[in-house]
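Please look at the chain below, first as a whole and then strand by strand. The report after it is meant to be read alongside the structure.

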Amino acid sequence: MNRPLPRPALARPPSFSAREFRDALGMFATGVTIVTARNEDGSLVGLTASSFNSVSLAPPLVLWSLSRGASTMPTFANGAHYAINVLAADQKQLAERFATRGIDRWAGVQHHPGTNGAPVLDGAAAAFECFNRSRYEEGDHLIFVGEVEHCSHRAGVPPLLYHGGRFYTEHPL
């Protein structure tokens, strides 16, 4: 039986600075992704994101978030499809490239069109090709929920990791 959750009281104002918050968040190690799509004119768009997570197995759903002020916001907010490329340990340079502004991020990047046209990066550890199912405004970001229409992965490929403002590769314990 589903019952509505009680409405919580208002949150207290933060007792920490934005820098302290970012530093604390940096202690959570994440994988690194590049989210890709095509503009209406067919041009390619992509950005590095570490805000990626699974949501549901049935239906297969994933989420990621994007700053409201991002120049790529119109493409992702209005487009029907995108791909989330989980980077392999040897793709650090791609992560840095797609996080850099004012350059041609796609120059020399090997990729192929996915099932619905979103670019899938060659060599990625995994790729999730998504229908842009829903979007939620929260704080200074928009949260995207994608319904995965196709996925692939390369077994045994170590992931690229991000922790404390630095890139790492997998080290089994």
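What follows describes the overall form of the chain and then one of its sheets.

This is a predicted model, in which local features need pLDDT of at least 70 and side-chain atom pairs count only at pLDDT 80 or more, while totals for chains, interfaces and linings use all residues. Residues are numbered from 1 along each chain as its sequence is written, and side-chain values use heavy atoms, with hydrogens and water left out.

The chain has three helices and 12 strands, where helices (H or I, at least four residues) and strands (E, at least two) are DSSP runs numbered from the N terminus. Because a compact globule of 173 residues would have a radius of gyration near 16 Å, the chain's 17 Å agrees with that form; the radius is taken over C-alpha atoms, and the globule rule is 2.2 Å times the number of residues to the power 0.38. The C-alpha trace spans about 50 × 35 × 35 Å along its principal axes. Of the 173 residues, 32% are buried, meaning under 20% relative accessible area with a 1.4 Å probe and protein chains only.

One open sheet holds three strands in the order S1-S11-S12, with antiparallel pairing; two strands pair if DSSP finds at least two bridges between them. Its edge strands, each pairing on one side only, are S1 and S12.

| Strand | Residues |
|---|---|
| S1 | residues 30-31 |
| S11 | residues 160-163 |
| S12 | residues 166-169 |

S11 and S12 pair in the antiparallel sense over four bridges, and leucine 160 has threonine 169 in S12 as its bridge partner.

Note on methods:
Buried means under 20% relative accessible area, exposed over 50%, partly exposed in between (1.4 Å probe, protein chains only).
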